[in-house]
Amino acid sequence: MTQEKLIAGIELGGTKCVALLATGPNDVRDRVTVPTTDPAATLAALEAALDRWSFDAIGVASFGPVGLDRARADYGSITATTKPGWTGTDLIRRLEARYGKSIGFQTDVGGAALAEGRWGGAQGMSAHAYITIGTGVGVGLVTGGVPVMGWAHGEAGHMRLPRAPGDSYAGWCRFHGDCLEGLISGPALAERFGVPGDQLPDDGPEWDLFVHDLAGMLHNLVVTAAPERIAIGGGVVAARDYLFPKLRTRLVESLGGYGALAEWAEGIEARLGAPGLGTMAGPLGAIAVGLEA
């Protein structure tokens with residue numbers, strides 16, 4: 001019997017980071033959570049956890065953009081991120097020098113999508129997506145078991161979309177203003193409505209704007225890639241299951257019964273929802289990335 005590999009997973013998020021020691025969801029040995037502050041303090045706290053552990057490989061799933069092409073000089077680094085102080089942070093070379101282990105590297109959403117395919121709600125599917133909505137908005141798209149990658153990884157969270165009538169909010173994103181991340185991320189909601197998202201009333205009209213904007217991106221994702229399932233996680237939507245029926249209804253209306261997507265929409269209840277792994281999709285994404293290494 002082959003012994004399962006023990007992975008030290010690092011999920012770097014815009015608000016918090018998680019270090020996880022595990023072989024998979026049914027065998028988590030340890031977990032450490034640290035706040036995301038400046039790179040020096042955050043990485044030192046994560047390394048303090050890894051220094052206590054014995055493991056076979058490391059998986060890093062990070063907020064981005066990140067350099068994933070080994071042929072480019074920015075491989076292993078966080079590139080032009082909206083997170084202050086993190087642009088140019090070299091993650092992988094630092095960890096390689098410290099631990100001398102094989103290291104897998106992927107976006108946080110790419111990792112979560114891999115975890116959903118390996119253990120979660122997308123098992124057995126050839127094409128599926130994971131969306132996170134928190135400090136930023138990211139989309140991980142997997143096809144044939146591999147995260148989609150071209151010249152760089154995609155940034156569908158920065159998609160521009162038709163605005164709701166009467167909505168004149170300029171947007172939070174410092175690169176694009178009113179892209180999707182600039183409209184519905186946690187910081188955008190706080191700036192847009194004057195209070196953090198977790199303080200907005202469940203039945204407030206603010207969520208109608210949120211659904212309008214997110215459904216526009218979902219429409220574009222479906223007509224572009226037709227994923228078999230789309231999971232939506234992250235702090236903004238956690239514990240807000242009431243948003244999914246609204247998103248499903250608007251998405252079906254938007255698709256308009258077009259072609260094969262009419263049959264796709266008939267299964268909307270199963271196709272669009274929360275991650276099968278729940279809030280563990282992100283941390284387990286780092287474990288999945290380490291197993292790929």
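Buried here means under 20% relative accessible area, and by that cut-off helix α3 is mostly covered, with 9 of its 11 residues buried. What you're looking at is a predicted model. The protein chain has 293 residues, and 51% of them count as buried. Here's a quick tour, from the whole chain down to single residues.

**Overall build**

- The secondary structure of the protein chain adds up to 10 helices and 10 strands.
- Its radius of gyration is 19 Å, close to the 19 Å that the globule rule gives for 293 residues, so the chain is as compact as a globular protein of that length.
- If you're setting up a box, the C-alpha trace spans about 55 × 45 × 35 Å along its principal axes.
- Take the contacts between residues at least 6 apart in sequence: 63% of them join residues at least 24 apart.

**Surface and charge**

- About 12800 Å² of the protein chain is exposed, and carbon and sulfur atoms supply 52% of that area.
- The chain carries 23 positive and 32 negative charges, and the mean positions of the two sets sit 5 Å apart.

**Helix α3 and Ala115**

- Helix α3 runs over residues 108-118 and includes Ala115.
- The buried residues of α3 are Asp108, Val109, Gly110, Gly111, Ala112, Ala113, Leu114, Ala115 and Glu116, so Asp108 and Glu116 fall under the 20% cut-off too.
- Ala115 has a relative accessible area of 0%, so it counts as buried.
- Leaving out residues up to four places away in sequence, Ala115 touches Gly120, Leu277, Ala281, Leu284, Gly285 and Ala288.
- Met280 is 165 residues away from Ala115 along the chain, yet their C-alpha atoms are separated by 9.2 Å.

**Helix α2 and its cover**

- Helix α2 covers residues 92-99, and Ile92, Leu95 and Tyr99 are buried in it.
- Those three residues span an arc of only 65 degrees around the axis, which puts them on the same side of α2.
- That fits the usual helix geometry: an α-helix has 3.6 residues a turn, so residues three or four places apart point the same way.
- The cover over the buried residues of α2 includes β1 (7-12), α1 (39-50), β4 (57-62) and β5 (102-107).
- Just after α2 comes Gly100, with a positive phi of about 60 degrees.

**Backbone oddities**

- As background, most residues other than glycine have a negative phi, and most peptide bonds are trans.
- Gly64 and Pro65 are joined by a cis peptide bond, with omega at about 5 degrees.
- Pro65 sits in the loop between β4 and α2.
- Ala226 isn't a glycine, but its phi is positive, at about 45 degrees. Look for Ala226 in the loop between α6 (206-225) and β9 (229-233).
- With a relative accessible area of 37%, Ala226 is partly exposed.
- Ala239 isn't a glycine either, and its phi is also positive, at about 65 degrees. Ala239 belongs to the loop between β9 and α7 (243-255).
- Ala239 is exposed, with a relative accessible area of 78%.

**Around Ile230 and Arg271**

- Ile230 lies in strand β9 and, at 0% relative accessibility, counts as buried.
- Which residues does Ile230 contact, once neighbours within four places in sequence are set aside? They are Ala129, Ile131, Leu218, Leu221, Val222, Trp264, Arg271, Leu272 and Gly273.
- Ile230 and Gly88 are 142 residues apart in sequence, with 31 Å between their C-alpha atoms.
- Arg271 is part of helix α9 (residues 268-271) and counts as partly exposed, at 24% relative accessibility.
- Not counting residues up to four places away in sequence, Arg271 touches Glu228, Arg229, Ile230 and Trp264. Trp264 is also among the contacts of Ile230.
- From Arg271 to Glu228 it's 43 residues in sequence and 6.3 Å in space, C-alpha to C-alpha.

Notes:
Residues are numbered from 1 along each chain as its sequence is written. This is a predicted model: local features need pLDDT of at least 70, side-chain atom pairs count only at pLDDT 80 or more; totals for chains, interfaces and linings use all residues. Side-chain values use heavy atoms; hydrogens and water are left out. Helices (H or I, at least four residues) and strands (E, at least two) are DSSP runs, numbered from the N terminus. The radius of gyration is taken over C-alpha atoms; the globule rule is 2.2 Å times the number of residues to the power 0.38. Buried means under 20% relative accessible area, exposed over 50%, partly exposed in between (1.4 Å probe, protein chains only). Contact means heavy atoms within 4.5 Å. Accessible areas come from the Shrake-Rupley method with a 1.4 Å probe; for residues, only the protein chains shown count as cover. Lys and Arg count as positive and Asp and Glu as negative; His and the chain ends are not counted. The place of a charge is taken as NZ of Lys, CZ of Arg, CG of Asp or CD of Glu. The arc is that of the directions from the helix axis to the C-beta atoms.
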